[in-house]
Amino acid sequence: MKVIGAGLPRTGTLTQKMALEMLGLGPCYHMVDVLADLDQAGLWEQALDGEGDWAEIFADFHSTVDWPGGYFYRELIDVYPDAKVLLSVREPDAWERSMRETVWAVRNGESLIRLLSSAQAHVNPQWRGFLSMIDRLVWQGKGTFASGHAEPQQLIEAMNRHNDEVKRTVPPERLLVWSVTEGWGPLCEFLELPVPEEPFPHINDRKEFLNRIVDGSLQALQEWRARETSVEPSFAVGS
């Protein structure tokens with residue numbers, strides 16, 4: 001493990017994943033890897049119980065960004081003492097809006113994405129297990145935003161607490177506080193790597209996030225309908 005991303009979700013983490021992989025520090029673990037293999041949620045449940053099998057979780061990975069990995073940055077900086085830590089940050093109001101329209105909306109409110117996600121949980125045990133893990137990781141108990149998240153200021157206060165805790169916890173020589181808007185320069189200097197000739201990547205995280213949740217839910221519901229009615233599913237998930 002070369003880089004541990006401690007930045008919160010919705011701070012350009014999918015862009016970070018691509019950037020680190022372009023720098024030769026991949027594969028980079030990200031929540032999309034859990035969404036692609038929902039059985040991994042069980043490994044993260046074990047980690048939440050204090051029994052993280054980091055060697056299994058991060059087998060073949062050389063970096064990690066986003067949750068669930070970032071939630072465990074304290075444990076990971078001890079497990080991987082030579083790894084550097086990347087705290088990605090974002091303007092608070094823009095971050096809060098993005099968070100509320102995506103991660104928050106999956107489990108809260110009455111938006112279409114929440115209703116589809118909840119419907120999928122009724123027909124897909126793997127998705128139900130994934131949501132259980134997410135609730136513990138983010139919304140309940142010792143979750144990142146368990147202290148409150150109904151109001152915008154509550155999310156922003158939790159973001160500020162997290163960022164301050166990372167700065168206090170990680171030795172300064174191992175830490176870079178960075179925004180994706182800064183591009184290659186500070187990142188490559190921190191990692192002691194040459195700046196690539198390719199432009200710094202930019203991925204529409206919000207669109208990718210919503211597509212994965214909506215498409216996955218629609219596919220699961222179509223498959224359930226096919227099983228229940230013996231009708232071939234007609235929905236094709238987009239790439």
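A crossing of two helices is left-handed if the near helix is turned anticlockwise from the far one by less than a right angle, and right-handed if clockwise. Helices (H or I, at least four residues) and strands (E, at least two) are DSSP runs, numbered from the N terminus.

The model is predicted: local features need pLDDT of at least 70, side-chain atom pairs count only at pLDDT 80 or more, and totals for chains, interfaces and linings use all residues. Residues are numbered from 1 along each chain as its sequence is written, and side-chain values use heavy atoms, with hydrogens and water left out.

**Exercise 1. Describe how α8 packs on α9.**

Step 1. Take the angle and the distance. Axes are lines fitted to C-alpha atoms, for helices over the stretch in contact, and angles run from 0 to 180 degrees between N-to-C directions. Helix α8 spans residues 112-123 and helix α9 spans residues 125-139; their angle is about 125 degrees and their axes are 6 Å apart.

Step 2. Name the arrangement. That angle makes α8 oblique to α9. The scale: under 35 degrees is roughly parallel, over 145 roughly antiparallel, 65 to 115 roughly perpendicular, and the rest oblique.

Step 3. Give the hand. α8 passes α9 in a left-handed crossing.

Step 4. List the contact (heavy atoms within 4.5 Å). From α8 come Ser 117, Gln 120, Ala 121, His 122 and Val 123; they meet Pro 125, Trp 127, Arg 128 and Leu 131 of α9.

Step 5. Sort by class. Ala, Val, Leu, Ile, Met, Phe, Trp, Tyr, Cys and Pro count as nonpolar, Asp, Glu, Lys and Arg as charged, and the others, Gly among them, as polar. The α8 contact with α9 has five nonpolar, three polar and one charged residues.

**Exercise 2. Do the same for α3 and α9.**

Step 1. Helix α3 (residues 40-48) packs on α9 at about 30 degrees, with the axes 9 Å apart. That makes α3 roughly parallel to α9.

Step 2. The crossing of α3 past α9 is left-handed.

Step 3. Ala 41, Trp 44, Glu 45 and Leu 48 of α3 meet α9 residues including Phe 130, Met 133 and Arg 136. The contact of α3 with α9 has six nonpolar, two polar and two charged residues.

**Exercise 3. Find the hand of the crossing of α6 and α10.**

Step 1. α6 (residues 92-101) and α10 (residues 152-169) pack at about 110 degrees, with axes 10 Å apart. That makes α6 roughly perpendicular to α10.

Step 2. The crossing of α6 and α10 is right-handed.

Step 3. Among the residues in contact are Trp 95 and Met 99 of α6 and Leu 155 and Ile 156 of α10. The classes are seven nonpolar, no polar and three charged.

**Exercise 4. Pick out the unusual backbone spots.**

Step 1. Recall the rule. Most residues other than glycine have a negative phi, and most peptide bonds are trans.

Step 2. Look for cis bonds. One joins Gly 26 and Pro 27, with omega about 0 degrees. Pro 27 sits in the loop between α1 and β2 (28-29). Another joins Trp 67 and Pro 68, with omega about 10 degrees. Pro 68 is in the loop between β3 (63-64) and α5 (73-79).

Step 3. Look for positive phi. Arg 10 has a phi near 70 degrees. Arg 10 lies in the loop between β1 (3-5) and α1.
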